[in-house]
Amino acid sequence: MRHVWELTTCSTEETEAFGEKLAVRLKGGEVLALFGGMGMGKTAFVRGLARGLGVKDPVSSPTFALVHEYHGRLPLYHFDMYRVNNWDDLYSTGFFDYLDLGAVLVTEWSENIEAALPEDAWRISIRPGEQESQRIIQVEGVDVL
C-alpha cells in the first residue's frame, strides 16, 4: 500500500518551502509526477525542490522547451507535458531516455502521460484550498513526515 500524505500551504513561498524540504529525501532516480490545473503552483513547487537540491539557476516552466535541465546535488530534469497528446509526442520529449540517468525527473501535467509513469513515481497533486492563496498538496508514494 502506498502512503498518502496531505499538506495545506498558504502562499507561493510556503509551496516552494515544501518542495525544498522534500528535496532532502531525493537520492536520484525518482520520478515526481505533478498533477494540477493552471496556476496551482507546480512550478513554484519545482523552484523549491531545485533550491533544496542546491540548484543556483533560476527555475521556470519548460512550457515551450518541453524540458529544462538543472544541476545541483543531483541532476534535475523538469518536463512540461501540457502539449503531449499521444505516445509519439511523449517519445519526442526524450522522457524515456531520461529515466535511466539516475537523475530526478519532475513532470508537470502528468495527467497527460499517466499511462507512461513508472509504478514507483511519486504522485503529487496540487489543488486550490478555501482561500485564494491556499494550495492543498497531496503526496502519494513517499512518507514525507
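Student: Which residue stands opposite E108 in β5?
Tutor: D80 stands opposite E108. The model is a predicted one, and in it strand β4 (residues 75-80) and β5 run parallel, joined by five bridges.

Student: What makes β4 and β5 a pair of strands?
Tutor: A pair requires at least two bridges found by DSSP. Five bridges join β4 to β5, so the requirement is met.

Student: To which strands is β2 paired, and how do you know that?
Tutor: β2 (residues 31-35) pairs with β5 (residues 104-108) in the parallel sense over three bridges. Four bridges also join β2 to β6 (residues 122-128), again with the strands running parallel. With a threshold of at least two bridges, β2 therefore counts as paired with β5 and with β6.

Student: Which residues serve as partners in these ladders?
Tutor: Towards β5, A33 stands opposite T107, and V31 has L105 as its bridge partner. Towards β6, F35 is bridged to S125.

Student: Why is β2 described as largely enclosed?
Tutor: Five of its five residues are buried, so the rest of the structure largely encloses β2. Its side chains occupy two faces: V31, A33 and F35 point one way, L32 and L34 point the other way, and all are buried.

Student: What makes β5 covered on both faces?
Tutor: On one side V104, V106 and E108 are buried, and on the other L105 and T107 are buried. Five of the five residues of β5 thus fall in the buried class, so this strand too is largely enclosed by the rest of the structure.

Student: Why is T43 called buried?
Tutor: The cut-off for burial is under 20% relative accessible area. T43 has 15%, so it is classed as buried. T43 lies in helix α2, and beyond its neighbours within four places in sequence it is in contact with S60, S61, H78 and E108.

Student: Where does T43 stand with respect to the largest pocket?
Tutor: The largest pocket holds about 170 Å³ of space. T43 is one of the residues closest to the centre of this pocket, along with M38, S61, E108 and W109, out of 14 lining residues.

Student: Which element contributes the largest share of that lining, and what is the composition of the lining by class?
Tutor: Helix α2 (residues 42-52) gives the largest share, three residues. By class, the lining has five nonpolar, five polar and four charged residues.

Student: How many helices and strands does the chain contain, and in what pattern do they follow one another?
Tutor: The chain has four helices and seven strands. Along the sequence they follow the pattern β-α-β-α-β-β-α-α-β-β-β.

Student: Why is the chain called as compact as a globular protein of its length?
Tutor: For 145 residues the globule rule gives 15 Å, and the radius of gyration of the chain is 14 Å, close to that value, so the chain is as compact as a globular protein of that length. Its C-alpha atoms fill a box of roughly 40 × 35 × 30 Å along the principal axes.

Student: What share of the chain is buried, and what share of the contacts joins residues far apart in sequence?
Tutor: Of the 145 residues, 48% count as buried. Among contacts with a separation of 6 or more, 63% are between residues 24 or more positions apart.

How values were computed
Residues are numbered from 1 along each chain as its sequence is written. This is a predicted model: local features need pLDDT of at least 70, side-chain atom pairs count only at pLDDT 80 or more; totals for chains, interfaces and linings use all residues. Side-chain values use heavy atoms; hydrogens and water are left out. On a 1 Å grid over the protein atoms alone, a cavity is a set of points where a 1.4 Å probe fits but cannot get out, and a pocket is an open set with protein on both sides within 12 Å along at least five of seven lines; lining residues have an atom within 4 Å of a point. Grid points are joined across faces, edges and corners, and a volume is the space filled by probe spheres set on the points. Ala, Val, Leu, Ile, Met, Phe, Trp, Tyr, Cys and Pro count as nonpolar, Asp, Glu, Lys and Arg as charged, and the others, Gly among them, as polar. Buried means under 20% relative accessible area, exposed over 50%, partly exposed in between (1.4 Å probe, protein chains only). The radius of gyration is taken over C-alpha atoms; the globule rule is 2.2 Å times the number of residues to the power 0.38. Contact means heavy atoms within 4.5 Å.
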